[in-house]
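Biologist: I would like a close look at a single part of this model. Please take it slowly, as for someone in a first year of study.

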Amino acid sequence: MPAPLKLVDTSPELPEAADAVVIGGGIVGVFAAYYLARRGMKVTLVEKGRIGAEQSSRNWGWCRQQNRDARELPMATKSLDLWERFAAESGEDTGFRRCGLLYLSNSEEELAGWARWRDFARTVGVTTHMLDSAQATERGRATGKPWKGGVFSPTDGTADPASAAPAVARAILKLGGTVHQSCAARGIETEGGRLTGVVTEHGTIRTKTAVLAGGAWASSFCRQLGIRFPQAAVRSSILAVSPGAIGLPDALHTAAVSVTRRADGGYTLAISGRGRVDPTPQQLRFSPQFLPMFVKRWRSLAPGGLEGFRSGHETLARWRLDAPTPMERMRILDPAVDKAIMRLTHSRAFDLLPPLKNTSIAAAWAGYIDSTPDGVPGIGEIAAVPGFILAAGFSGHGFGIGPGAGHLIADIVTGNEPIVDPRPYHPNRFRKSAWGKVADF
Ligand SMILES: Cc1cc2nc3c(=O)[nH]c(=O)nc-3n(C[C@H](O)[C@H](O)[C@H](O)COP(=O)(O)OP(=O)(O)OC[C@H]3O[C@@H](n4cnc5c(N)ncnc54)[C@H](O)[C@@H]3O)c2cc1C
């Protein structure tokens, strides 16, 4: 089942030329196109399905610095400011609020880990408060249980996954950019190795710059261009309940279950990190690189079925530019909800938070989280194809850093001072296979 999502108009005509073409209308693609358009560039965004319809509408909406990898933290901090500024600059509403995020735990080990992260975060100016037992129990009073401790990160927040990508797409249109839905990019054209155009199902757009923000489809697209980008998708499921629960925190994480207030007053319920891995040929190809991650997460990841194989996003096949591609056969990745995880999520959430008993189940959906082997996205220009910029593999935390990622992409394209150090993100760290073979790009 698709997640709730606002609609956006499609521009009437695909242009013959553009300063930049962004492929993929998730949160990363729309923010990249927005910041490029703000710099006066003629921008075209092509989306094979609907704006925001894959991961970017299916997530919890957390925009967090808390517990971020050190490489991503600067981008997370900048993104929080950009979320706020976007509303003022564009007049569009993404539902972003700095409501703070609450983490509660009864595990000494987990609390010690959060305290270590707090010590590190202080060194880079990020505020987060460790809570002692009394404070945690008070903040977590909706659970009616005592807690050993917790964390409250007051500068973090949430945005509304149903509104965010569409709001940014509308802002692109206001700036004179064009947005084309049901328009898959099939590939690119080059001359002397340099990018000269993007081939879509509705025609070719001449351009010197293309940004691939294709989420779970990025690796198979890159493969057509001879670019090695290891990616694996994890199927993650969510339950949404109706409004009616009073006194719950806006965003609460516990090891058992996490809850997030949605813009409609209902709540999203999920178990952090829990998911299924649906085997595909691409996963087999990259499995040596993903093995350490899967081993580390063996308790929370379970093998899935063949639907990843059938969806086509992780195909190893080569496709032609003059015939329909797997992207046109699967306009919107809408994987099956994991019923066993949903039952567990429901019972854990209703046990943890008695006020949820006043709600009813409104919806359930799943999304494919596109991961890289080190859990950090690949963002950067591919040296072997000048003009081609990759931005994918956001590994389950790309919604919150969407604005910062989009800004960085625009900086790379225009040669401006980058908003954050781009080096930790460059996809060339994935050039070497597990067997030591180094790809050409
Ligand atoms: C259940 C779940 C919970 C999550 N919770 C959070 C959270 O709380 N906080 C957080 O920060 N992150 C969270 N995430 C992760 C976050 O949603 C993603 O990291 C983020 O949305 C990725 O954005 P994206 O633009 O890279 O990809 P997507 O949103 O997947 O967008 C990619 C788009 O590209 C399009 N596309 C692909 N190929 C082509 C092509 N060739 N031509 C045209 N279009 C193409 C696709 O149709 C798609 O719309 C969660 C994810 C899931 C699934």
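Which residues line the largest cavity? Please go on from there to the sheets.

Modeller: A word of caution comes before the details: this is a predicted model.

The structure holds 1 cavity of 30 Å³ or more. The volume of the largest cavity is about 40 Å³. Its lining is made up of Glu54, Gln55, Arg58, Ala216, Leu333, Pro335, Gly367 and Tyr368. Sorted by class, the lining of the largest cavity has 4 nonpolar, 2 polar and 2 charged residues. Two elements, helix H2 (55-58) and strand E19 (361-371), each supply at least two residues of that lining.

Now to the sheets. In general, strands of a sheet pair through backbone hydrogen bonds, and the pairing is either parallel or antiparallel.

One open sheet is formed by 6 strands, and reading across the sheet gives the order E8-E2-E1-E12-E21-E20. The pairing in this sheet is mixed. Strand E8 (178-180) and strand E20 (378-381) stand at the edges; each has a single partner strand, so one side of each is left without a neighbour in the sheet. On average, neighbouring strands of this sheet are turned by 15 degrees against each other, direction ignored.

At one edge of that sheet, the pairing can be followed down to residues. E20 pairs with strand E21 (residues 388-392) in the antiparallel sense, over 4 bridges. One residue pair shows this: Ile379 has Ala391 in E21 as its bridge partner.

Helices also lie across strands of this sheet. Helix H1 (residues 27-38) lies across strand E1 (20-23), strand E2 (43-46) and E21. The angle at which H1 runs to E2 is about 170 degrees. Helix H12 (residues 402-414) lies across strand E12 (210-212), E20 and E21. H12 runs at about 15 degrees to E20. E21 therefore appears in the description of both helices, lying under H1 and H12.A further open sheet has 3 strands in the order E9-E10-E11, with antiparallel pairing. The edge strands here are strand E9 (185-191) and strand E11 (203-206), and each pairs on one side only. Neighbouring strands of this sheet are turned by 30 degrees against each other on average, direction ignored. E9 and strand E10 (residues 194-200) run antiparallel and are joined by 6 bridges. Within this pairing, Ile188 has Val198 in E10 as its bridge partner.

Technical notes
Residues numbered from 1 in each chain as written. Predicted model: local features only at pLDDT ≥ 70, side-chain atom pairs only at ≥ 80, totals over all residues. Heavy atoms only, no water. 1 Å grid on protein atoms, 1.4 Å probe; cavity = no way out; pocket = protein on both sides within 12 Å on 5 of 7 lines; lining within 4 Å. Points joined across faces, edges and corners; volume = space filled by probe spheres on them. Nonpolar A, V, L, I, M, F, W, Y, C, P; charged D, E, K, R; others polar. Pairing = 2+ DSSP bridges. Axes fitted to C-alpha atoms, helices over the stretch in contact; angles between N-to-C directions. Contact = heavy atoms within 4.5 Å.
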